[in-house]
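Me: I've got a model open and want to know what the labels on it really rest on. Can we go through them one by one?

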Amino acid sequence: MSSLPVVVVMYTRKKTEKCAKPKLAKSGSAQLCLAIDERFLGFYALYAPAFLVFDPDLIRDVLVKDFDAFQDRCIPFDDSEPLNQHLLFLNGSKWKRLRSKLTPAFTSGKLKMMFETIDRCGREMVEVLDDAARSEKVVEIRDVSARFTIDVIGSVAFGVKCNCQRDPDAEFRVWGRKLFEFYTSDRVEQLLLAVHPPTAKLFRAIVGRKEVLKYFEDMVRDTVNYRESNNVERNDFMHMLIQLKNRGFMDDENELASQAVLFFSAGFETSSTTMSYALYELALNPEVQRRLHQEVDETLQRTGGRFTYDAVMGMPYLDKVISETLRKYPPVAFLPRKTTRPYQIPGSKVVIDNDMAVIVPNYALHHDPRYFPDPERFDPERFSEEEKTKRHPYVYLPFGEGPRNCVGMRLGLLQSKIGLAHLMSKIEFQKCDETKIPIEFDPLTIVFMPATGIHLRAKKRSV
Ligand code: HEM
């Protein structure tokens, strides 16, 4: 599971114990005592005191009810880097202004317009796998899924036909991988930024951040220039970003480039790991896969052999499979927040200081047997309407919650569903000698992902 760089739990007290000064302060050992009831605890992330909340009602307060006190993220970043001025990192009024401008990009109307593009990429993925599936070869599905989602996000965010599926060495894939390596090394950089900012700058120079960002900056600049000088209008994010820039809602082209790069990095890896984990579980649970094949076949029979937006979004079993995948493997393992004012925890005397990290551990919630009995079992029926109503809504948070939740949730779900539906329509996946069971996870990445590839046998279905 990905986690904060270093976490030291400093104090654990029982609910019944009284704390003389129940306040978690930034300094002053006399104040470093905190009552832990089962709802929260204090800990140190390196030298900085931080707060972990695990009571679902308190999580609702943090994410939604008292959002004004927790609207910022506690992700340290280099403010002087223009491409860091994006939705994930920005805080305060800058974040608020940008969020309200970018949210309309993800309405269901906009997603319906993107359906054709995503569907085309899904068809291509199956065509590319056809030979391997006919000869029942072992395929590395993380790569297959990543090439699909890069093609999708490249088209919708940058307006570029990336061709990553037919050409594994396509430029966009190569630079996309580098971008992600660089975001992963951001973990180290964040740690350095917290401890020693000058070393962080040196580290950044060494990992080649400039080269990677320059590629994306140039690509955005070329696309904007080309579109503006040729009056090209397309139904994609790039068009919306250009409109926002021309209406003065974006400060400059750098701000536009930051959002495009963020959409790309936040958009492809999260959805492709979701698809990979889903395929892995389907291979390990053939009965679940059989039911999904059946649902896909029935849907295609009804629609005359082609997927439509409504058909894909209206497949209940596919929805359950994706939901259970996101429970067991949430790509973002915890939600980082920061207090913007002192906050007294309701029902306690504890006050959290201003400017303090507050963490919602969604991976831990998703694996808590009180909410999800036998949590390592993959069981899509946990997401039947009946089971869902039995659970507190704030114990399942794959996309976060409240005004700062994932802005791309609908697109993430749509592309993962379309990708899986296409694969299921033609291919059966089986575990094989090369499949690592259980999966080993990479502890350093920002997206919760496997340490190695996921190998499965692909077998053409006789439908
Ligand atoms: C299965 C796919 C995805 C998952 C599981 C996921 C998950 C998340 C999570 C957990 C957060 C933090 C929410 C919080 O702090 O409450 C987040 C934020 C964000 N995500 Fe996603 N995401 C996915 C796909 C996407 C896509 C496709 C895009 C865009 C193309 C996207 C763009 C963003 C952005 C911009 C933010 C920051 C929002 C803000 O701070 O206002 N995500 N995502």
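Reply: Sure. A residue is near a molecule if one of its heavy atoms lies within 4 Å of it. This is a predicted model, and 27 residues sit around the ligand, with R73, W95, R99, R337 and C406 coming nearest.

Me: What makes C406 a donor of the iron atom of the ligand?

Reply: Its SG is at 2.3 Å from the iron, and an S atom within 2.8 Å of the metal counts, so C406 is a donor. C406 is the only protein donor there. You'll find C406 in the loop between helix 14 (385-390) and helix 15 (409-426).

Me: How do you know that R73 makes a polar contact with the ligand?

Reply: A side-chain N or O atom of R73 is 2.6 Å from an oxygen atom of the ligand. The cut-off is 3.5 Å, so the pair qualifies. By that cut-off W95 qualifies too, at 2.8 Å, and so does R337, at 2.7 Å. As for elements, helix 2 (92-102), helix 9 (253-284), strand 6 (335-338) and helix 15 each give two or more residues to the shell. Helix 9 has the largest share, seven residues.

Me: Why is F158 called part of a nonpolar core?

Reply: Such a core is made of buried residues of types such as Phe, joined through side-chain atoms within 4.5 Å. F158 belongs to the largest one, of 126 residues, and is among those with the most contacts inside it, along with F172, F216 and F429. Helix 9 gives the most to this core, 15 residues. Among the residues F158 touches are F172, F216, M219 and F264.

Conventions:
Residues numbered from 1 in each chain as written. Predicted model: local features only at pLDDT ≥ 70, side-chain atom pairs only at ≥ 80, totals over all residues. Heavy atoms only, no water. Donors = N, O, S within 2.8 Å, 3.2 Å for Na, K, Ca; no water. Helix = DSSP H or I, 4+ residues; strand = E, 2+ residues; numbered from the N terminus. Polar contact = N/O pair within 3.5 Å; in protein donor to acceptor, adjacent residues only side chain to side chain. Buried < 20%, exposed > 50% of the residue type's maximum accessible area, 1.4 Å probe, protein only. Contact = heavy atoms within 4.5 Å. Lists of a residue's contacts leave out its neighbours within four places in sequence.
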